[in-house]
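Here is a short tour of a protein model, written to be read with the structure open beside you. Shall we start with one of its pockets and work through to the sheet and a few single residues?

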Amino acid sequence: MANKHRVVVIGAGFGGLRVARGLEGADAHVTIVDAHNFHTFQPLLYQVATAGLDVDDIAYPVRGIFRRRRNIRVRVASVTGIDLAARTVTTDRGAPLPYDTLVVAAGSISHDFGIPGVDAHAIGLKSVSDALAIRERLLSRFEDADLDGVRSGALDVVVCGGGPTGVELAGGLMELYERVLSKDFPDLPVDSARITVVEAAPVLLGAFDARLGRRAERTLTGRGVDVITAAPVDRIEDGLVILADGRQLRAGTIVWAAGVRASPVAELLGTELGRGSRVVVEPDLTVPGHPDVFAIGDIAIDPRRPLPQVAQPAIQGGKHVADQIRRRLAGEPTVPFEYHDKGSMATIGRHDAVAEFPNGRTLSGTIGWIAWLGLHLVYLLGFRNRVNVFVNWAWNYLTYDRASRLLTPTDDSRT
Ligand SMILES: Cc1cc2nc3c(=O)[nH]c(=O)nc-3n(C[C@H](O)[C@H](O)[C@H](O)COP(=O)(O)OP(=O)(O)OC[C@H]3O[C@@H](n4cnc5c(N)ncnc54)[C@H](O)[C@@H]3O)c2cc1C
């Protein structure tokens, strides 16, 4: 391996994994670095938060993906520095990693837009820890209320952000409340608990056709979710969301699903950043002035053609970068990245989802929901995970149950 071209990939998300897979068997030594030893399938995080799936249904060990790949190694560590002149990446553990080509695919983090109290009093939904924290908070509020009585708003949830994540989470929460928690806690007034989605824009699902946003609002309200649109959040206090128009919403659980910004790894490059602190890239996805550095997925932006922070740009960008590295190894120049828009989808709960395709066609209702289920199964990593998710979905569908509602201690206390 000593004389091989060294590729370091930061991030084992949708983009980073696709790069490494595209370099399997190439004449290069690839190291994929991630802070976690697993890949997270973020589109199903909300189902972990709402007790429909367990963590290892939607996460997959990175070493397991590459264990038979002779030219690929995994380092589980956080990237703490990038030296573009010395061509090294430093991590919180282990020696610095030298590279000939660097691929930055570190994704995004929750963005509070500078709104006071978000970090302190709301939980994001970007990682498995976030999803577990939401589940734990919800279930603990119910256990506390069962013992000590219901304090004002303790069982209520406010979801800040009416994009796909907020809509999917609210739909999932309503099913959990109606079908499971109302039976688990017969002495609590679960029927009167409020689940509220707050959105700053006039309509939900802002990235979709407005008709689909209105449909999502009708479906959610029909199922008992309160939807408040055109209502920016002013600040969040302990158990309280305060809107810009002065309205106050008390809630035992507050979720922040209002937006993302690039991972702080973007700043480590020291190159130009664009909207959302994303790394500005050239049409071939290299960083300007650094042809040996590529950036893809949520962390990157080509200002001439900004792409949404969803899975497809990361996956297709990953394939493109692997192809470009192979081209260079063969002595050929890079070519521009061509993105193929496959459309967007969001589910609103049982039997309902909305989808929009590049030709302007839309899909909704049960057909949309079945398409959503099928696509998520196809893109989920690992045969075992697919089977688990399928079995869990079938179980949840037939029994209305949610099996993954364990409260597991998160500290060292053994009881
Ligand atoms: C709740 C939720 C629901 C979503 N639903 C959908 C959906 O339905 N459809 C869709 O298309 N998209 C959806 N998305 C968006 C989609 O998941 C992202 O666009 C996609 O994951 C971006 O891929 P990526 O490779 O750029 O980054 P990611 O997949 O986020 O991967 C980044 C990786 O980098 C690692 N990393 C970050 N910082 C460091 C560091 N300092 N050191 C080492 N490693 C680091 C992280 O651990 C992570 O594994 C959803 C996102 C969320 C949060």
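## The second largest pocket

Helix α7 is the biggest contributor to the lining of the second largest pocket, giving 6 residues. Please keep in mind throughout that this is a predicted model. The pocket holds about 440 Å³ of space, and 25 residues line it. Nearest its centre lie Q47, W369, L373, W393 and N396.

Besides α7, the elements that give two or more residues to this lining are α2 (45-49), β24 (344-349), α11 (365-379) and α12 (383-399). Sorted by class, the lining of the second largest pocket consists of 12 nonpolar, 8 polar and 5 charged residues.

## Two nonpolar cores

Helix α7 turns up again in the packing. The largest nonpolar core counts 64 residues, and L44, Y177 and L220 have the most contacts inside it. The largest share of this core is supplied by helix α7 (residues 164-184), with 9 residues. A second core, separate from this one, has 51 residues, with A20, L23, L84 and L381 among them.

What does L44 touch, once residues up to four places away in sequence are set aside? The partners are L53, I58, W372, H376, L380, V389 and W393. One of these, W393, is also among the residues nearest the centre of the second largest pocket.

## An enclosed cavity

The structure has 1 cavity of 30 Å³ or more. The volume of the largest cavity is about 160 Å³. It is lined by 18 residues, and those closest to its centre are L285, A300, D302, L307 and F337. Strand β23 (300-301) and helix α10 (311-329) are the elements that give two or more residues to this lining.

By class, the lining of the largest cavity divides into 12 nonpolar, 2 polar and 4 charged residues.

## The six-stranded sheet

Now for the sheet. It is open, has 6 strands, and follows the order β5-β2-β1-β9-β22-β21 with mixed pairing. At its edges are β5 (72-76) and β21 (286-287), each of which pairs on one side only. Strand β1 (residues 5-10) runs parallel to β2, joined to it by 6 bridges; one bridge pairs V9 with I32 of β2. Strand β1 also runs parallel to β9 (residues 101-104), here through 4 bridges, and V7 stands opposite T101 in β9.

Is strand β2 enclosed or open to the outside? Because 7 of the 7 residues of β2 (residues 28-34) are buried, this strand is largely enclosed by the rest of the structure. In a regular strand the side chains alternate between the two faces of the sheet. For β2, both faces are covered: A28, V30, I32 and D34 are buried on one side, and H29, T31 and V33 are buried on the other.

## Three buried residues up close

V79 belongs to strand β6 (residues 79-83). Its relative accessibility is 15%, so V79 counts as buried, the cut-off being under 20%. Leaving out residues up to four places away in sequence, V79 touches I10, V33, V89, T90, T91 and L268; V33 is one of the buried residues of β2. V79 and L53 are 26 residues apart along the chain, and their C-alpha atoms are separated by 30 Å.

L125 sits in the loop between β11 (123-124) and α6 (128-148). This loop residue is buried, with a relative accessible area of 11%. Beyond four places in sequence, L125 touches L45, Y46, A49, S110, D130, A131, I134, T165, L169 and W256. From L125 to G172, the distance is 47 residues in sequence and 14 Å in space, C-alpha to C-alpha.

T196 is part of strand β13 (residues 195-198). With 6% relative accessibility, T196 counts as buried. Which residues is T196 in contact with, leaving aside its neighbours within four places in sequence? They are V157, V158, V159, D226, I228 and L249.

Conventions
Residues numbered from 1 in each chain as written. Predicted model: local features only at pLDDT ≥ 70, side-chain atom pairs only at ≥ 80, totals over all residues. Heavy atoms only, no water. Buried < 20%, exposed > 50% of the residue type's maximum accessible area, 1.4 Å probe, protein only. Contact = heavy atoms within 4.5 Å. Core = buried A, V, L, I, M, F, W, Y, C linked by side-chain atoms within 4.5 Å. 1 Å grid on protein atoms, 1.4 Å probe; cavity = no way out; pocket = protein on both sides within 12 Å on 5 of 7 lines; lining within 4 Å. Points joined across faces, edges and corners; volume = space filled by probe spheres on them. Nonpolar A, V, L, I, M, F, W, Y, C, P; charged D, E, K, R; others polar. Pairing = 2+ DSSP bridges.
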